[in-house]
Amino acid sequence: MTTISNVEAEVKGSHIRLSKSDQKKLIGVLSILLLFSVLNNTMFIVSLPDITAHFNLLPSTGSWIITGYTIFFAIGALLYGKLGDIYPIKTLLLVGVTVFALGSFLGFFAQNYMMVIFARMLQAAGAAAIPAVVFIIPSRYFPNERGKMLSVFSTMMVIGSGIGPVMGGFIAGVLNWQYIFLISTVSLITIPFLKLLLPKEEKREGKTDLPGAVLMALGVALFILFITTFNWHFLYSSIFMLAFFVWWILRAKNPFILPSMFKNKRFRIAIIVSFFGMIIMFSNMFTTPLLLREVYNLNTIFIGLIMFPGAIFSALFARFAGNSTDRWGSEPVCIFALSLILLGAILLSSFTGYSPWLISFAFIFGYVAFPFFQTAMASLISWVLPDDQIGIGMGIFNLFNFMSSAIGAAVIGKILDYSTDGAPINPIVHSTGVIASYSNIFIGMGGLVILNGLYFLLSTRKFRPLSRN
């Protein structure tokens, strides 16, 4: 055994195997980092009214606290994923955590709105490294247990999404919104552990295609701006930039993304199924709080309490999700997860207008599905790509996940803007108006789940044995 940075590791092929003891320590540290990266976004959602009031802003202006963060986070996830194929994991993660904490300190001491926005973008530029790099680590350090590791990491993201609004509301209510920034500085405590536990790696062969990265970043940023504003000029500009990006990577010597990756049918299928699956799950997470506020008149604390059991059950099932993926493969676990999402959507539709605790029960199924689905998709992507493409593959995976959350929120928001009356599709629901609208939205999600599942089954028929992990 060779000692690397005080970590026992065995170099075998392209993988670095850590001792069991150091595996557990590393998983714990990375889980804490993931939790803070997710909390940092969800905690600010409930504090938006306080921030806009503090600076006397219009709601559209204040929304840049979320929009700016989302743009930088999505682009950063892609860039860090590509860099992860070339540069050492330890270096990228340490840089990311440092920048993340720096942005958090800046936000806490911000004196004006522009400083707040800059701090949020700096936070995102650092925090994006965390999921991008963490989701590479299982295939690099735990090749035989990648499913279990991915499920643990996915669950931390779910828990962060569940407790973030409650924590943000409590902090903003008891103290003020600036202390939400301060919470994220706790991530600094992980730096000495990362230095100790992450093995030392050499820089790999490869070059960073800066023009390609810039074109891709601009195209994605403009598309997210279109999603959040529905300004068609942003869409046209995005299409132009992305078309230019495609032209560039087809001609560049060392392109940012190898065109051959999208010729990999298994990779394409995984990205498409993951994208639509995450749209459905994020739409559920976005719609349920609105339902609880508009139909049941609950405040932020009670909304968090209604949604919290889902996060707890998700954590309890996390290990089973990972073990299932390692044992049975990605395909059956993906179908199982989609079945849970479908059941949850049907129950949410059926219980709309009844006791909010029935909503809490129905919401559990979609939350429990999250680690199963994300673990299966991430594991499949790491399985079908060669080692030197896993980083950028995971970057694309994370990019589409973040875009799916923005798309889901925008679409649901528009549907609710124009759909406030009408009859329910679900025969169990007898109310009309707002209750019927929410019930029909959940039924629509169920229909999308069925279409997504059928596409996955029909597309993977020819190579199902190869989708095992």
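How many of the 469 residues of the protein count as buried, as a percentage? The answer is 57%, where buried means under 20% relative accessible area, exposed means over 50%, and partly exposed lies in between, with a 1.4 Å probe and protein chains only.

Before going further, I should say that this is a predicted model, in which local features need pLDDT of at least 70 and side-chain atom pairs count only at pLDDT 80 or more, while totals for chains, interfaces and linings use all residues. Residues are numbered from 1 along each chain as its sequence is written, and side-chain values use heavy atoms, with hydrogens and water left out.

Let me begin with the overall picture. The protein has 20 helices and three strands; these are DSSP runs numbered from the N terminus, helices being H or I with at least four residues and strands being E with at least two. Among contacts with a separation of 6 or more, 80% are between residues 24 or more positions apart, and contact here means heavy atoms within 4.5 Å. The protein exposes about 19600 Å², of which carbon and sulfur atoms supply 69%, and accessible areas come from the Shrake-Rupley method with a 1.4 Å probe, where for residues only the protein chains shown count as cover.

Now to the inside. The largest nonpolar core has 142 residues, and Leu 194 and Phe 373 are those with the most contacts inside it; such a core is a set of buried Ala, Val, Leu, Ile, Met, Phe, Trp, Tyr and Cys residues joined through side-chain atoms within 4.5 Å. Helix α18, residues 356-384, gives the largest share of this core, 17 residues. Apart from it lies another core, of eight residues, including Phe 226, Phe 275, Ile 279 and Ala 410.

If we leave aside neighbours within four places in sequence, the contacts of Phe 373 include Val 273, Ser 274, Gly 277 and Met 278. Ser 274 sits in helix α14 and counts as buried because its relative accessibility is 2%. Besides Phe 373, Ser 274 touches Met 377, Phe 397 and Asn 401, again not counting residues up to four places away in sequence.

Which polar residue should we look at next? I have chosen Asn 40, which lies in helix α1, residues 20-45, and which counts as buried because its relative accessibility is 0%. Its side chain makes a polar contact of 2.9 Å with the side chain of Gln 123, and a polar contact of 2.9 Å also joins the side chains of Asn 40 and Ser 184. A polar contact is a pair of N or O atoms within 3.5 Å; within protein, one must be able to donate a hydrogen and the other to accept it, and residues adjacent in sequence count only if both atoms are side-chain atoms.

Finally, the surface. Phe 308, Ile 312, Phe 313, Leu 316, Phe 317, Phe 320 and Trp 328 form a nonpolar patch with about 660 Å² of accessible area together. The elements giving two or more residues to this patch are α15 (300-316) and α16 (318-328), and α15 provides the largest share, four residues. Phe 308, in helix α15, counts as partly exposed because its relative accessibility is 31%. Patch residues have over 30% relative accessible area and no salt bridge (Lys or Arg side-chain nitrogen within 4 Å of an Asp or Glu carboxyl oxygen), with nonpolar side chains (Val, Leu, Ile, Met, Phe, Trp, Tyr) joined within 5 Å and like charges within 9 Å.
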